[in-house]
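The following exercises concern charged side-chain pairs and cysteines. Work through each task with the sequence and the model at hand, and then compare your steps with the solution.

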Amino acid sequence: MMAYLKKISDMARRIALAGMMVMVAAAAAGAEPGLRLHYDRPAQYFEETLVIGNGRIGAAIYGGTSDDRLSLNDITLWTGMPDSVAADFNAAEALAEVRRLVDAGDYVGADNANKKLQGHYSENYQPLGDLVIRMRGSGETVRDYYRELDISGSKAMSRYRVADGLITKEYIASAPDSVIAVRITAEEGAALDFSVSLGSQLPAKTTAEGSRIEQEGYAAGHSLPSYYGGPEDKHEYDKDKGIRFLTIAKVIAPEGRITAEGDSLSVKGGHEALILLTNATSFNGASRNPVTDGSDYRGIARRVIDNAALRSWNELLARHQADYSKYFDRVSLDLGSTAPEISALPTDEQLRRYTDLHESNPDLEELYFQFGRYLLISCSRTPGVPANLQGLWNESILPPWSSNYTININLQENYWPAETTNLSEMHLPMLEFIRSLSANGEKVAKMYFDVDRGWCAGHNTDIWGMANPVGLQDGDPVWASWTMGGAWLASHIWNHYQFTGDKAFLEEYYPVLKGAALFCIDWPIERDGYLVTSPGTSPEHRFRLPDGSTASTSSGNTSDMAMMRQCLMDAVAAAKVVGDDSSFVAEADSVLARLRPYIIGKEGRLQEWWTDWEDSEPWHRHQSHLYGVFPGNHITPAGNPELAKAAYRTLELKGSESTGWSTGWRINLYARLLDPEMAYSTIRRLLQFVSPDNYKGEDARRGGGTYPNLLDSHSPFQIDGNFGGTAGFAEMLLQSGDGVVTLLSALPEEWPDGEVKGLCARGGFEIDMKWRDGRLEKAGIRSRNGGATEIRYGDLVRSISLKPGESATIEF
C-alpha cells in the first residue's frame, strides 16, 4: 500500500486518505457511507453549516475549532400577537371599482384600485440565539479536521487533532427528550478546557449559576418586513406584548470542574462533557395572547432540562435515533454507485464537480433525495406550526420575505414529498395550520371580498393565521393581491386522505375543504358566458399590453381557474366519502361546468391570462397556470393530450434557468408530462453548485441552485426547493391517481439500474421496485387498508386486490 501511495499524485493521496477517514467515521457511526454530508473544514457561512432539528427546536452548526457556534431556532418564535382581522374600507364599493376598471380594459388603473383591497403584512419569524462553545488552546495547532452530518442516524459530528490529542463533538436534536445535546470528548492525552455561553439578538437577560445558563427574552409585539419602505426600525418591542421564551443550557462533566463566570460556564478537566439545551416559548395557539394566556414556558423548559439530565448520552442518542429511524427508514433509494475517488471528496467538492465537470454521481443524487426527507422530519413535528420559508433555520431578525408562510407556492411545496415519500405524519402540522387559518379566512372573505360563505387567504400568512392580502394599500398587486391561497391549501386535505384512507381525518377536516370550495363557488362572476375571477392575478407575474405598459390585475386568469377547479373537484370527491351533502355537490358541479376553460395561445403554450398577452418576463419563475398538471391532477398526457402538450410548450418557452424552488417544481411538471430526460436535466440544474461568491453580501440573489450544505438557493436560502426536488425524484419513479399506480413513470437513461423501497401511492399502497438496464424486474405492493388498484408499467397492466396489511410481488 505504501509503495502504491508513493506513486500516485498528491491529489490522489488526499482523496485516498479522505476516503479512509470517511469509511472509518461511517463504520463508527454505523451509517451508510452514501447518506452523509462530509467536509474537511468548519463552516464560515450559514450556507456551509450542518442543520439539525427535532421538529420544534433546531441548530445550524458551524463546527469551529476555537469558537463553535450553534445558531438556534424555535419554530414557534415569531413577532406579533393574535391577528385582528379588520378592513378600513367598504369592500363592496372597492371591489366594484376594480371590476369596473377591468371591464373597461384599464388594467393599469385596476392595479391601482386593487391596492384598496389590501391589509397588513405578515409578522417575522425570529432567530432564538446562539450557543457558543469556546475551546481554549485549539489555536493554530488543529489538523486532520473532519465534519459530517449522518442523515441516516440524524447526528452531526466534528473531529480534529490538537497538539495533545483528539477532540470530537457530536450533536443531536432529540424529539423524545426535547433537547439539543452536544457531547464533547477529548482522547489520546487531551483534556477538556472550554466555555459555554448563550446570546440572542432579541431583548433577553442571561444568568449563569451552578452548571446551567438561563436566557429569558421576548420577541417584538409587531414587526414589518425588511422590504417595506416605512420606518427604519421594523420591530416594535413592548414588554407587555410578544412571545416570551426561555432557553436553558446545562453542562454535565463528571470528571471536570464547572464554574459560572459572569453569564457563561467554564469547564476544565476531564475527558467527556455533555451540553444539553432546550427552549420553550409562550406561544399557545394562534388565537391566544402569548403574554396573558401563554403556555408555562418557564416550567416547561425547566422540566425538560431536568428530565434530560437524568439520561446519559448513550440513552439520549438511542432514544433519538429510535424515534427518527421509524420515519426515515421507511424509504430507501439506490440509483447506482459513485466512483470511490469521487465519493471520498468533501460534499461541496462533489457538488462543484457535479456542476462543472458534469460527473456522474448517483450517490450524491440519492443523498439529495434523502436529505429532503431528513429536513422534513427535522422541521415539521410541531402541532399546527408548519415549516416556513426557511424550514426551521433562520439567523436574521429581518429574514428574507419574513421567513413567513408564502402560500402562492412555497408552503405547499414544502409538503409535496410528505405523502409520496412515506412521511405522512409530517404533513399534519400544515393540515392543522390550514384549519386554524380558515377561521381568519372566513372573516377576510366577508370584509375584503364581500363573500358571505367560505374562506380564503392571500399569498402570505404567519403563525397567527393572517389571511388578508398584504400591502397596507400600497403594495404592488403583482405580489400583494391574490385570493387563491385557501383553495390551493385546502386541496392538501383531500390529498392526505387519498394516501392514507383516514376517513376520521376527512370527516374532521371536510368543513375546511368545503369552506374553501364555497368561496370558489361565490367569488367568481359571469363574463361572456363563463364564470371567472375578477379581480385576479397570476402570482408575481405581469402581462404586457399592446402599448408596452404592464399590469397584473385582470379577470379569469388561468391559475385562478385551475385552483378553483381542483379545489371544487376535491371537495366534491370528499363529500361523496363523508356522506350526504348532495346540495353542495350539485352546486359545485354546476360551477365546475361553467368555469372558463383552458385556452391554448398563438405560440402553442397554455395561456396564462384570458387574453393572449405577452409575458412581461417570458422566463418567469412562477408557472402557476400549470397548476392543473402539478400539484393538481386534472391535466394529464392521457386525459388531456392537447393541454398537456401546451403545458410542455410553456416550459420550453420559459427555458431552464430559474430559482431553486421553481426548478424543483419543474422537475415534477416534467415528470407528470412524462419526459424523463428533461426531468433529470432539471435535477442537475437544481443541484447546480452555488459558490461562496454567490451567497455573500450583494451577490446573495444571483439565482437558484444548491449551497455547499445541500440547502436550496432561491436565492437566498429557501427550503422549498429541497422539498420540491425530493418530491420530483419520487414523481419520476412512481405516479398514482384515479385507481391507477404507474411504475417507473419517468425513468431517465441516467438511472439504468436501481431499487427503491417504501414509496407511497394513492389508495394506501406502499411500493418497492427494482430495475436493471432501464427495465423493471419486479415490484412489491403492500396495502395498508385493503383495496384494489391497477398497476401499470409501460404497456403492461395488472389489476390487483389486497386485504389490509397484505402484500404481493409482481415479476416483469
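Burial is judged by relative accessible area, where buried means under 20%, exposed means over 50% and partly exposed lies in between, computed with a 1.4 Å probe on protein chains only. The model is predicted, so that local features need pLDDT of at least 70 and side-chain atom pairs count only at pLDDT 80 or more, while totals for chains, interfaces and linings use all residues. Residues are numbered from 1 along each chain as its sequence is written, and side-chain values use heavy atoms, with hydrogens and water left out.

**Exercise 1.** Classify E587 and R453 by burial, and describe where the two residues of this salt bridge lie.

*Solution.* Start with accessibility: E587 has 29% relative accessibility and counts as partly exposed, and R453, at 30%, also falls in the partly exposed class. Next, apply the salt-bridge criterion, which asks for a side-chain nitrogen of Lys or Arg within 4 Å of a carboxyl oxygen of Asp or Glu; the side chains of E587 and R453 meet it with an N to O distance of 2.7 Å. Finally, place the partners: E587 belongs to helix α17 (residues 582–594), whereas R453 sits in the loop between α12 (424–449) and β21 (460–461), so the pair links distant parts of the chain, 134 residues apart. Helices (H or I, at least four residues) and strands (E, at least two) are DSSP runs numbered from the N terminus.

**Exercise 2.** Which parts of the chain does the salt bridge between E170 and K155 tie together, and are these residues buried or exposed?

*Solution.* The side chains of E170 and K155 form a salt bridge at 3.2 Å, N to O. Because E170 lies in strand β8 (residues 165–174) and K155 in strand β7 (residues 155–162), the pair ties together parts that are 15 residues apart in sequence. As for burial, E170 and K155 are both buried.

**Exercise 3.** How many disulfides does the structure hold, and what is the situation of C520?

*Solution.* A disulfide is counted when a pair of cysteine sulfur atoms lies within 2.5 Å, and the structure holds zero disulfides. C520 is accordingly in no disulfide, the nearest cysteine sulfur being that of C567, 4.3 Å away. In accessibility, C520 is buried, with a relative accessible area of 0%, and C567, at 0% relative accessibility, is likewise counted as buried.
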